[in-house]
Amino acid sequence: MSTMAECVRLDSSTSTHTMDKSITLPPDEIFRNLENAKRFAIDIGGSLTKLAYYSTVQHKVAKVRSFDHNTKEASSDKLYEISVQEEVTARLHFIKFENAYIETCLDFIKDHLVNTDTKVIKATGGGAHKFKELIERKLGLRVDKEDEMTCLIKGCNFVLKNIPHEAFVYARHADSEFRFQTTYPEIFPYLLVNIGSGVSIVKVESEDKFERIGGSSIGGGTFWGLGALLTKTKRFDELLQLASRGQHTSVDMLVKDIYGGSYGSLGLTGDLIASSFGKSATADKEFSKEDMAKSLLHMISNDIGQLACLYAKLHNLSRVYFGGFFIRGHPVTMHTITYSINFFTKGEVQALFLRHEGYLGAIGAFLKGAEEDNPNQYSWGENYAGSSGLMSVSPDMNPMQRARSGTFDMLEMDRLERQLVNLPLLLDPSSYIPDTMDLTEDALAREYWLFCFEDALDGVVKRAVASQPDMPEAAERAEKFRHKYRHKLQTLRQQPFAYGSLTVRSLLDTREHCLNEFNFPDPYSKIKQKENDMALKYYQKAVKSLDELGWEERQFALVRGVLAGNVFDWGAKAVSDVLESDPEFGFEQAKRQLEERPWLIDSYDQWFERLKGPPHKCALFFVDNSGVDIILGVMPFVRELLSRGTEVVLASNSGPALNDVTNGELQILTERIAAMDSVIQDGLREDRLTLVQSGSSSPCLDLSRLDKVLANVVRERKTDLVIIEGMGRAIHTNYYAMLSCESLKMAVIKNSWLADRLGGKLFSVVFKYEVPAEKLSPDSAGLSPL
């Protein structure tokens, strides 16, 4: 959370919170990029306001351009030039704050709003009418009210489609309170149970087709109203806090109170509630506020849970999402709803909650206003650098300590250049989980990796500054990056679930987002350029020595070459330390670092036997690092596949991450290699070698979010082999990925802790060749998991 405590003054003379009208909210933290804002939407509830707007963000991107070798530039030793250019991208901003601050926030927006083309603000929520005049007077915009339920559904569809770890199951007493669910490739149909003052139950079948199939007048308003009458407590949060401390068994009549134990013939255990508030009718005593609040919470939650279950069964729906102010991230309500759903469906249906539940109305209202731009035709990604993340809802944390007052909660979504879809070759997209290790559930691993990323921070800052020697303000921006990323790491130490499941991938992606935020688009660009230039000089020699080997010997040398090339990874501290101290460290030294066979995971013999059979039709190869890796490791391997008659699709990152090769760089490298190598040249000319961007800008790989163009190429080429290379793509992610075709995962473990965890040592080799079960021959050997 970005708590603006230093910006908030509490007026002790009133019971409500007010803000100092002369205050200046830092625009780089809240209401960011207002000067380029357009298309506003607002969702005003009973106590919280959610504001949405679209902005265009200018940021620096690193572009590579091949030198024209017919001009004077040809005399340059460099393969290509790197230029840092300004690029404009679209961003969605969502900010949540208490209604008490609405006037101050509207003043702030008015003072910073430059774009005068905006004439309308879309509004939804119960408070939209109440604040209509204030909004129109302050902002000079016409308020256009949108249907609340339509906005809610549109918002829900949007987050489920674009945020992979949006939905979670809440497990109050587990080591990890949050168990994030994989967003299905097909999110429809689902049931949305919106618990506001009353309850609305909506069946959602498609983007534009939904129906309110039921509801109840007994909802959040009932809990609040009856609770206020019973306890004299007027604040909703305080009422929940009372409930969290209460014992409902003091007030409720249980089965055992009636029958002296369980009621076996009906399958009722003795601890089940037989009658809510049943003891209050006969007991001659006062009941505590806490116990009454708890009993009331159970009564309302059980009623809603049973109703939701009945509708889910009636309409044969297994996905049930809960939202509304009654939920609002409160542990006691999520726990009681979860218990109720689990009880009534005997565990067949899970109660699902949403990380960004509070934003759904604002997102939907915004989408209604932006229909002419058709935001749904794009893929969007959460910008971790500008988003607050999910705050802790640990049961032992007092809701009043969560300081909703004076807190601004933010979500930012960046429009991605490419539309992202599933890899068509995933065996079961609905059960695919990219990440090998969930750090939210593994405390030891979490502590190690958080320490590891913090320890590497100085090196990243140094590299960022060195990448921009002609920009004197780079050091200042790098310090801002350090501060922001360190703050994110501290947040994740306290709230590992802030951005969904915490993984090595999410830590890497958060770092990349923060680097981009402070205009360091490609800190390793000059290192990559130097290493690409160097490796190209050795390409012909490497290929010549391979061609001189016999067939059997060459197959092993090619694999060993890919593995040795993969050692050159600036993202691994064990390697970057060597490369920093010994610039002459080369391909042959890397080969000597590799462990001898048998490797840690070793199915080379099965792969070798497969090579004796017919060639694959088409291989999709997800590549990793620049320099030695791609040029001396991967390209000779690709050359052999082409020579066998296999088409090859090389998938590389769309944008930079560490020293991974980007699609722009790979295009230039392949042209240069083709000029020296007729096999590569023929492959390009005959369209048997294709270069496609993956849609990713991460050192890891999520096969459920790939460039749609790549997915189409995979289908058209009838791809029957997927090769994934590198620690980030084949070990941190996709180690357990099941594909519907043959796959080859190759990596060198360049982290001592991870090597130890997997039962190996530094520079241990993972060579994992897998064949789908239905394609296994009787004598094929399976691989046991780590």
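In this predicted model, L226 is part of helix α4, which spans residues 220–231. L226 has a relative accessible area of 35%; it is partly exposed because this value falls between the cut-offs of 20% for buried and 50% for exposed. Together with L229 and L230, L226 makes a nonpolar surface patch of about 260 Å².

Strand β5 (residues 120–124) is in another situation. Four of its five residues are buried, so the rest of the structure largely encloses the strand. Strand β5 pairs with β2 and with β6, as the table sets out.

| Partner of β5 | Residues of partner | Sense | Bridges | Opposite residues |
|---|---|---|---|---|
| β2 | 37–44 | parallel | four | I42 and A123 |
| β6 | 142–145 | parallel | four | V143 and I121 |

In the pairing with β2, A123 is the β5 residue that stands opposite I42. In the pairing with β6, I121 of β5 stands opposite V143. In a regular strand, side chains alternate between the two faces of the sheet.

The nonpolar cores come next. The largest one has 63 residues, and the members that touch the most others are L423, F481, L507, L620, F622, L703 and L710. Helix α12, covering residues 474–494, gives the most to this core, namely six residues. A second core is separate and has 56 residues, among them M635, L642, L669 and L689.

For L710, neighbours within four places in sequence are left aside, and the remaining contacts are L620, F622, V649, A651, V692, Q693 and S694. Of these, L620 and F622 are also among the members of the largest core that touch the most others.

Definitions and conventions:
Residues numbered from 1 in each chain as written. Predicted model: local features only at pLDDT ≥ 70, side-chain atom pairs only at ≥ 80, totals over all residues. Heavy atoms only, no water. Core = buried A, V, L, I, M, F, W, Y, C linked by side-chain atoms within 4.5 Å. Buried < 20%, exposed > 50% of the residue type's maximum accessible area, 1.4 Å probe, protein only. Helix = DSSP H or I, 4+ residues; strand = E, 2+ residues; numbered from the N terminus. Contact = heavy atoms within 4.5 Å. Patch = residues over 30% accessible without salt bridge, like charges linked within 9 Å, V, L, I, M, F, W, Y side chains within 5 Å. Areas by Shrake-Rupley, 256 points an atom, 1.4 Å probe, with all protein chains shown as cover. Salt bridge = Lys/Arg side-chain N within 4 Å of Asp/Glu carboxyl O. Pairing = 2+ DSSP bridges.
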